[in-house]
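Trainee: I have a structure open and I don't know where to start. Can you walk me through it?

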Amino acid sequence: MKSYPESLRLYEEAKLYSPGGVHTSIRNVEPHLVFTRAEGAYVFDADGNRYIDYQAAFGPFILGHNHPYVNGKVIEALGRTDLYGVGTTDLEIELAKKITKHMPSAEQVLFCNSGSEATYHAIRLSRAITGAKKLIKFQGCYHGWHDYVARNMLSAWDKIGTRDPGSAGMMDEAIDNTLICTFNDLNSVEETFRQNKGEIAALIVEPIPHNVGCILPEPGFLAGLRKLCTEYGALLIFDEVITGFRHDIGGFQKVAGVTPDLTTMGKAMANGFPIAAVAGKKQYMQRFNTYPGGDVWFAGTYNGHAVGTAASIATIEMMENEPVHEHVFRLGDRIRGGLREILERLGIEAYVAGFGSVWTTYFMGFEPKHYGDLQHNDAEFYVAYRKKLIERGIFKMPMNIKRNSIGYSHTDKDIDDTLEAMEAVLKEMKK
C-alpha cells in the first residue's frame, strides 16, 4: 500500500503560492499527489511510488510518457528552430499536410494551443458563415472553458436539461444562445432545430462523449446529426479533441463514416505536448483572416510553435509506421474482457463501457445511452474503488464517471497486474 508524506508536504507548499495548489480545477482530487517523473506507462510521485498510469493526462499520451521518438524529434527541432511570429515554418507545413491527408473533413487546418481555443474558433467561424447565433450542444459533453459551451457539463441530476452555467461570470447572452439536447436522441435534436429554425449556426458534439466516461453513439445517430445540420443549414462540428488520433489516425469520423463540416482536435495528436487544431472545408477555413480577405479573426502568439508541431509530426509518424492502434485496441479488449469476467464471477452489478483504448466501469446494471442514465451509477463506490486502486499502484482519476486510457507503452503484463489489482479491490469492497 502506498503512502504519500512528501507529496502532502509539497501540496501544502503549493497552496501557499497558487489557489488550491493546482493549475486546473479538475486536478484538485484526493489523494493530493505531487508527480515528479514519468516514463512509458508509469508515473512516479514525490515519495518514489510508481503507478501504472491510465489517467494519461486525460488522454494525450497515446504512445506513453516521455516517448523517446517524440522527445527526440522535439529536441532535434529545438536545436535549429523555435518561434518567429511571422510567416510559417517547415514544421507547420509538414504537419498540416499530414492532417489533411488523414482526417476526412480536413481540407485545410489551422493550429492553436488548446482544445478550448479550437472549439472557440470553430464556433465563431460557424456564426460568421451562417449569420446565425445559436449553438446546439449535448448534456454532459465538454467542449472547453469558454462561455459559448461551458454549460450543462457535469450537471447535478436535478439540473439536467435546465439552464446550468458552469461558472460565475459567464455572459447571459452566451449561455442562452447555447441550446441543450440529449445525446442519442435525434428527436430532441430535430425538435430543437424546428423550434429555432434559421437561428442555429452549428451543432457541436463529442462523437463519443468521453467527458462522462464512454457513451457510444447508437447506430445512425451521428449520420442523423449530419442530415439534420444539412437540412437546417447549420454546420456540424465534431469535437475530436479526445477521440481524434486516439481512436484512429483519421479520427472517429473515419470510423463512423460521417464527415463533419469542421473538426477540432488536440490531446493525442502530439502525445502530451501542447498543440491543438481546427480543420474543415477549404471554403469555410478561408473565412479566417490568415487568408487574405478573410473576416474571422484567428490569432495566437504560440500557434504552430516548434515544440508542438514537431511532437505532432512524430506522433503521427509513429501511427503511420507502427501498429499503435492495433496494440492499444487489443489491450483495451483484454482489460474490458478481463474485468467483465471478474465482475460476473464476483456477482457485482456493473457495466464495462469502452471503445478501442478507452474504458470505464459504471457500477449500474445497464449500458448508458446518455448523461441522464449515469445517475444510476454508484458514484460513492466508483470513487472509493479508484482510490483503493491508487493505493495498489494503479492510477485512474479518482472522480466519478471518468475514462481511462491505454497507451502504446502499456504491456500485457501491465494489463495482467491491473486486472489482479482490480479483482483484489473489488473482492475487498464486496465484503
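Mentor: We will go through the overall fold, then the sheets, then the helices, then two odd spots in the backbone.

Trainee: Fine. What kind of model is this?

Mentor: This is a predicted model.

Trainee: How many helices and strands does the protein chain have?

Mentor: The protein chain has 13 helices and 14 strands. Its radius of gyration is 21 Å, close to the 22 Å that the globule rule gives for 431 residues, so the chain is as compact as a globular protein of that length.

Trainee: And what box do the C-alpha atoms fill?

Mentor: Roughly 65 × 55 × 45 Å, taken along the principal axes.

Trainee: On to the sheets. What is the strand order in the one with seven strands?

Mentor: The order is β4-β10-β9-β8-β7-β5-β6, in an open sheet with mixed pairing. The edge strands are β4 (108-112) and β6 (178-181), and each of them pairs on one side only. On average, neighbouring strands here are turned by 20° against each other, with direction ignored.

Trainee: Which helix packs on that sheet?

Mentor: Helix α3 (residues 90-102), which touches β4 and β9 (262-265). The direction of α3 makes about 125° with that of β4.

Trainee: Give me one strand pair from the middle of the list. How do β7 and β8 run, parallel or antiparallel?

Mentor: Parallel: four bridges join β7 (residues 200-205) to β8 (residues 235-240). If you want a place to look, isoleucine 204 stands opposite isoleucine 237 in β8.

Trainee: What actually holds strands together in a sheet?

Mentor: Strands of a sheet pair through backbone hydrogen bonds, and the pairing is either parallel or antiparallel.

Trainee: What about the sheet of four strands, what order does that have?

Mentor: That open sheet runs β1-β2-β3-β13, and its pairing is mixed. β1 (35-39) and β13 (394-395) stand at the edges with a single partner strand each, so one side of each is left without a neighbour in the sheet.

Trainee: Take me across it, pair by pair.

Mentor: Start with β1 and β2 (residues 42-45), which pair in the antiparallel sense over four bridges. There, phenylalanine 35 has aspartate 45 in β2 as its bridge partner. Next, β2 and β3 (residues 50-53) pair in the antiparallel sense over three bridges, and tyrosine 42 is partnered by isoleucine 52 in β3. Then two bridges join β3 to β13, and these strands run parallel. Isoleucine 52 turns up again here, standing opposite isoleucine 394 in β13.

Trainee: How many residues sit between the strands in the hairpin of β2 and β3?

Mentor: Four residues. In that hairpin, glycine 48 takes a positive phi near 85°.

Trainee: Helices now. How do α11 and α13 cross?

Mentor: The axes of α11 (residues 324-346) and α13 (residues 412-430) come within 10 Å and cross at roughly 25°. The two helices are therefore roughly parallel to each other, and their crossing is right-handed.

Trainee: Which residues meet there?

Mentor: Among them are Leu331, Ile335, Leu339 and Ile342 in α11, and Ile415, Leu419, Met422 and Leu426 in α13. There are charged residues too, including Arg330 and Arg334 in α11 and Asp412 and Glu423 in α13. By class, this contact has 10 nonpolar, two polar and eight charged residues.

Trainee: And α12 with α13, at what angle do they cross?

Mentor: At roughly 130°, with the axes of α12 (residues 379-391) and α13 coming within 10 Å. α12 and α13 are therefore oblique to each other. α12 passes α13 in a right-handed crossing. The contact is made by Phe381, Ala384, Tyr385, Lys388 and Leu389 of α12 and Ala421, Met422, Val425, Leu426, Glu428 and Met429 of α13. By class it has nine nonpolar, no polar and two charged residues.

Trainee: You promised odd spots. Is the peptide bond from glutamate 30 to proline 31 cis or trans?

Mentor: Cis, with omega near 0°. Proline 31 lies in the loop between α1 (5-17) and β1.

Trainee: And the other one, where does phenylalanine 58 lie?

Mentor: In the loop between β3 and α2 (68-78). Phenylalanine 58 has a positive phi of about 70°, although it is not a glycine.

Terms used. Residues numbered from 1 in each chain as written. Predicted model: local features only at pLDDT ≥ 70, side-chain atom pairs only at ≥ 80, totals over all residues. Heavy atoms only, no water. Axes fitted to C-alpha atoms, helices over the stretch in contact; angles between N-to-C directions. Parallel < 35°, antiparallel > 145°, perpendicular 65-115°, else oblique. Left-handed = near helix turned anticlockwise from the far one by under 90°. Contact = heavy atoms within 4.5 Å. Nonpolar A, V, L, I, M, F, W, Y, C, P; charged D, E, K, R; others polar. Pairing = 2+ DSSP bridges. Rg over C-alpha atoms; globule rule 2.2 N^0.38 Å.
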